[in-house]
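Biologist: Could you take one part of this chain and walk me through it slowly? I'd like the close-up and how that part sits in the whole.

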Amino acid sequence: MPQNDILVTLVVLATAVLLISFWRQILFILLFGVIVVFCFGLYSVAAAVQH
């Protein structure tokens with residue numbers, strides 16, 4: 001039983017680490033997406049004002 005508890009603990013820790021890394025990647029992707037959309041919006045407004 002102790003070995004099983006150790007395995008469960010390792011699996012939980014590994015899952016937590018993967019989730020933390022995954023959420024960091026998601027945050028970076030969301031920030032990048034927001035910046036791209038914001039720049040695209042400014043470009044569209046500038047193009048509309050010029051025309």
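Modeller: Let's start with the surface. The accessible surface of the protein chain comes to about 5,000 Å², and 81% of that belongs to carbon and sulfur atoms. Keep in mind that this is a predicted model.

The part to look at is helix H1, which covers residues 2–50. The protein chain has one helix and zero strands. Its radius of gyration is 22 Å, well over the 10 Å that the globule rule gives for 51 residues, so the protein chain is more spread out than a compact globule. You can see that in the C-alpha trace too, which spans about 75 × 10 × 5 Å along its principal axes.

Does the length of H1 add up? What should its 49 residues span at 1.5 Å a residue? The expected figure is 72 Å, and the end C-alpha atoms of H1 are 72 Å apart, which agrees.

Now for cover. A residue counts as buried when its relative accessible area is under 20%. Of the 49 residues of H1, the number buried is zero, so H1 lies largely in the open. For the protein chain with its 51 residues, the buried share is likewise 0%.

Let's go along the helix with a few residues. Toward the start of the numbering there's a nonpolar surface patch of about 410 Å², made by Ile6, Leu7, Leu10 and Leu13. Leu10 lies in H1. Here's a handy bit of background: an α-helix has 3.6 residues a turn, so residues three or four places apart point the same way.

Next comes Ala16, also in H1. Ala16 counts as partly exposed, because its relative accessibility is 35%. From Ala16 to Gly41 there are 25 residues in sequence, and their C-alpha atoms are 37 Å apart in space.

Farther on you meet Val37, which has its place in H1. Val37 is exposed, with a relative accessible area of 58%. Its C-alpha atom is separated by 18 Å from that of Val49, 12 residues apart along the chain.

Phe38 has its place in H1 as well. At 54% relative accessibility, Phe38 counts as exposed, since the cut-off is over 50%. Measuring back to the patch, Phe38 and Ile6 are 32 residues apart in sequence and 48 Å apart in space, C-alpha to C-alpha.

So the picture to take back to the bench is one helix and zero strands, with zero buried residues among the 49 of H1.

Terms used. Residues numbered from 1 in each chain as written. Predicted model: local features only at pLDDT ≥ 70, side-chain atom pairs only at ≥ 80, totals over all residues. Heavy atoms only, no water. Patch = residues over 30% accessible without salt bridge, like charges linked within 9 Å, V, L, I, M, F, W, Y side chains within 5 Å. Areas by Shrake-Rupley, 256 points an atom, 1.4 Å probe, with all protein chains shown as cover. Salt bridge = Lys/Arg side-chain N within 4 Å of Asp/Glu carboxyl O. Helix = DSSP H or I, 4+ residues; strand = E, 2+ residues; numbered from the N terminus. Rg over C-alpha atoms; globule rule 2.2 N^0.38 Å. Buried < 20%, exposed > 50% of the residue type's maximum accessible area, 1.4 Å probe, protein only. Expected span 1.5 Å × (residues − 1).
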